[in-house]
Amino acid sequence: DSSVSTPLDLAAYPEYKDPNFRFKLRLIPRDQDLSQLISICGFNPHLELTLKAAKSIGSVVQHLIDKWGAKVCQELVARTEGKPGPGKVTFQLHSTRHPTHQGWGPNEKNTTAAEVFVFAGRPDLFR
């Protein structure tokens with residue numbers, strides 16, 4: 001359960017090879033503090049993305065860093081009243097089905113969204 005880069009066998013799911021196949025991934029903050037921080041920064045903390053099965057999960061995380069990182073970092077510095085805050089913000093995606101799993105970060109270039117979907121148990125609500 002702890003490996004993030006081991007590809008899963010998707011042979012049982014031929015639909016994921018179809019370049020037109022897409023599914024929705026709903027991202028939900030891990031706790032209320034993070035949800036409030038994202039809201040204060042002007043973003044919707046309950047983000048829903050439509051992904052192709054072959055999309056790299058690392059590129060999804062990098063998208064969040066590019067879109068939210070600087071603003072979230074500014075807000076964290078403001079909350080510490082000008083004391084040095086983090087130089088950057090990192091994001092990790094985690095499966096609610098596997099709470100002890102370390103998650104996926106921006107370097108997970110070889111792990112596809114379909115693999116994460118299967119790892120999460122192919123839920124009706126993929127979050």
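# A guided tour of the predicted model

Begin by selecting Ser39, which is found in helix H1; helices here are DSSP runs of type H or I with at least four residues, strands are DSSP runs of type E with at least two, and both are numbered from the N terminus. This is a predicted model, in which local features need pLDDT of at least 70 and side-chain atom pairs count only at pLDDT 80 or more, while totals for chains, interfaces and linings use all residues. Residues are numbered from 1 along each chain as its sequence is written, and side-chain values use heavy atoms, with hydrogens and water left out.

**Ser39 and helix H1**

With Ser39 still selected, note that this residue is partly exposed, at a relative accessible area of 38%; buried means under 20% relative accessible area, exposed means over 50%, and partly exposed is in between, using a 1.4 Å probe and protein chains only. Add Val72 to the selection: 33 residues separate Ser39 and Val72 along the chain, and their C-alpha atoms are 9.8 Å apart.

Next, select Ser35, Leu37 and Ile38, the buried residues of H1. They lie on the same side of the helix, because they cover an arc of only 165° around the axis, where the arc is taken from the directions from the helix axis to the C-beta atoms. On the other side of H1 you will find Gln32 and Asp33, which are exposed. At the start of this helix, a side-chain oxygen of Asp31 comes to within 3.3 Å of the backbone nitrogen of Asp33. Following H1 is Gly42, with a positive phi near 90°.

**The whole chain**

Show the full cartoon now: the protein has three helices and two strands, and from the N terminus on, its elements run β-α-β-α-α. Of its 127 residues, 40% count as buried.

**Strand E1 and its partner**

Move to strand E1 and display its side chains, which alternate: Phe23, Leu25 and Leu27 point to one face and are buried, whereas Arg22, Lys24 and Arg26 point to the other and are not. In a regular strand, side chains alternate between the two faces of the sheet. E1 and E2 run antiparallel and are joined by six bridges, two strands being paired if DSSP finds at least two bridges between them. To see one position in this pairing, select Leu27, which stands opposite Leu47 in E2.

Which residues does Arg22 touch, not counting those up to four places away in sequence? Arg22 touches Thr50, Leu51 and Lys52, where contact means heavy atoms within 4.5 Å. At 41% relative accessibility, Arg22 counts as partly exposed, and its side chain reaches the backbone oxygen of Asn20 at 3.2 Å.

**Aromatic pairs**

Display the rings next, where the count comes to six aromatic pairs; rings of Phe, Tyr and Trp (its six-membered ring) pair if their centres lie within 6.5 Å, and planes under 30 degrees apart count as stacked, over 60 as edge-to-face and the rest as tilted. Phe23 and Phe117 form a stacked pair, with 4.8 Å from centre to centre and 20° between the planes. This pair links distant parts of the chain, since Phe23 is in strand E1 (residues 22-27) and Phe117 is in helix H3, 94 residues apart. Both Phe23 and Phe117 are buried.

Then select Phe43 and Trp68, a stacked pair with 5.6 Å from centre to centre and 25° between the planes. Here, too, distant parts of the chain are linked: Phe43 is in the loop between helix H1 (32-40) and strand E2 (47-52), and Trp68 is in helix H2 (residues 57-79), 25 residues apart. Trp68 counts as buried, at 5% relative accessibility. Before leaving the rings, select Tyr16, Phe21, Phe23 and Phe117 together, as ring pairs link them into a cluster.

**The nonpolar core**

Which residues touch the most other members of the largest nonpolar core? Among its 26 residues, they are Leu10, Tyr16, Leu27, Leu47, Leu49, Leu51 and Trp68; such a core is a set of buried Ala, Val, Leu, Ile, Met, Phe, Trp, Tyr and Cys residues joined through side-chain atoms within 4.5 Å. E1, H1, E2, H2 and H3 are the elements that give two or more residues to this core, and H3 gives the most, with six.

**Last stop**

Finish at Gly121, in the segment after helix H3 (113-119). Gly121 is partly exposed, with a relative accessible area of 35%. His98 lies 23 residues from Gly121 along the chain, and the C-alpha atoms of the two are separated by 9.7 Å.

Notes. A polar contact is a pair of N or O atoms within 3.5 Å; within protein, one must be able to donate a hydrogen and the other to accept it, and residues adjacent in sequence count only if both atoms are side-chain atoms.
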